[in-house]
Amino acid sequence: EGIDPVGCCVGLRGIRIQNIVSELNGEKIDVVLWSQDSAHFIANALSPAQILSVALNKDDGVATVVVPDRQLSLAIGREGQNVRLAAKLTGWRIDIKAASAVEAEKAREAEALAAARAIEEAELGEKAAEAPEVLEPAAGEIAEPLPVLQAALVSPPAPAAPSVRKRPALRFAEDILVPAPI
């Protein structure tokens, strides 16, 4: 805890990774922070693009990733290279969508749902008009009054004071390793 794994792999000013790249004749290397949570791992694999949300469909093995509009080309990469490498690395089929497209899709779904409800209410109205129910008391009966409900106003709970979280101190390898005998 307290050690940056990506920073340790890259080294100070990238010296460790530069040595490896030079040994591999200039091959490009991406260092990705691994996570057991698939959504976090997919978001890390698509970095440096900013990820707004990741929705996993475990049945189909598809991850739907939402990114800001200005980050869409960065997440996809040149000719889809970034998303293709992230899909290979994570084992998920990755579908990247822009935030504006997701919002438009949600608006269309809301309109369709509202239209379906309106049709349903119209059908219920037609059925009610065909067979109206009369709720009048029979002759000689007295209708019982409805009970009166008492409502009490409850004030919302007071917000909790923000907790101050201490950051773990950074530790260096020299502090952790046991010195070798001379």
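**Gln71**

I started with Gln71 and listed what it touches: leaving out residues up to four places away in sequence, the partners are Pro48, Ala49 and Gln50. The model is a predicted one. I placed Gln71 in the loop between S2 and helix H4 (72–76). Is Gln71 buried or exposed? Gln71 counts as buried, because its relative accessibility is 15% and the cut-off for buried is under 20%.

**Pro48**

One of the partners of Gln71 is Pro48, so I looked at that residue next. I found Pro48 in the loop between H3 and strand S1 (53–57). The peptide bond that joins Ser47 and Pro48 is cis, with omega at about 15°. I noted for reference that most peptide bonds are trans.

**Nonpolar core**

I then looked up the largest nonpolar core, which has 13 residues. Which residues have the most contacts inside it? They are Ile42, Leu46, Val65, Ile94 and Ile96. Four elements give two or more residues to this core: H3, strand S2 (62–67), helix H5 (81–90) and strand S3 (93–98). S2 supplies the largest share, 3 residues.

I took Leu46 from that group and listed its contacts. With neighbours within four places in sequence set aside, Leu46 is in contact with Ile51, Val65, Ala75, Asn82, Val83, Ala86, Ile94 and Ile96. Of these, Val65, Ile94 and Ile96 are also named among the core residues with the most contacts.

**Chain as a whole**

I wrote down the element count: 7 helices and 3 strands. Read from the N terminus, the order is α-α-α-β-β-α-α-β-α-α. The chain has 182 residues, and 16% of them are buried. Its accessible surface comes to about 15,700 Å², with 57% of that belonging to carbon and sulfur atoms. I also checked the contacts between residues at least 6 apart in sequence: 49% of them join residues at least 24 apart.

**Surface patch**

Which residues make the nonpolar surface patch of about 290 Å²? I have Ile20, Leu24, Ile29 and Val31. I located Leu24 in the loop between helix H2 (15–23) and helix H3 (38–45). Leu24 has a relative accessible area of 45% and is therefore partly exposed.

Val31, which belongs to the patch, came up again in a distance I looked up. The C-alpha atoms of Gly7 and Val31 are separated by 9.4 Å, with the two residues 24 apart along the chain. Gly7 lies in helix H1 (residues 5–10). Gly7 is partly exposed, at a relative accessible area of 31%.

**Cysteines**

I searched for disulfides and the count came to 0. For Cys8, the nearest cysteine sulfur is that of Cys9, 6.9 Å away. Why is there no bond from Cys9 to Cys8? The two sulfurs are 6.9 Å apart, which is too far for a bond, because a disulfide needs the sulfur atoms within 2.5 Å. I checked exposure too: Cys8 counts as partly exposed at 38% relative accessibility, and Cys9 counts as partly exposed at 43%.

**Salt bridge**

How many salt bridges did I find? The count is 1. In this bridge the side chains of Glu105 and Lys97 meet, at 3.5 Å from N to O. The pair qualifies because the nitrogen has to be within 4 Å of the carboxyl oxygen. Both ends are partly exposed: Glu105 has a relative accessible area of 31%, and Lys97 has one of 24%.

**Positive phi**

I looked for residues other than glycine with a positive phi. I recorded first that most residues other than glycine have a negative phi. Arg13 has a positive phi, near 55°. Where is Arg13 found? Arg13 is in the loop between H1 and H2. At 77% relative accessibility, Arg13 counts as exposed, because that is over 50%.

My second entry of this kind is Glu79, with a positive phi near 55°. I found Glu79 in the loop between H4 and H5. Glu79 counts as exposed, at 72% relative accessibility.

Terms used: Residues are numbered from 1 along each chain as its sequence is written. This is a predicted model: local features need pLDDT of at least 70, side-chain atom pairs count only at pLDDT 80 or more; totals for chains, interfaces and linings use all residues. Side-chain values use heavy atoms; hydrogens and water are left out. Patches are made of residues with over 30% relative accessible area and no salt bridge: like charges are joined within 9 Å, nonpolar side chains (Val, Leu, Ile, Met, Phe, Trp, Tyr) within 5 Å. Accessible areas come from the Shrake-Rupley method with a 1.4 Å probe; for residues, only the protein chains shown count as cover. Buried means under 20% relative accessible area, exposed over 50%, partly exposed in between (1.4 Å probe, protein chains only). Contact means heavy atoms within 4.5 Å. A nonpolar core is a set of buried Ala, Val, Leu, Ile, Met, Phe, Trp, Tyr and Cys residues joined through side-chain atoms within 4.5 Å.
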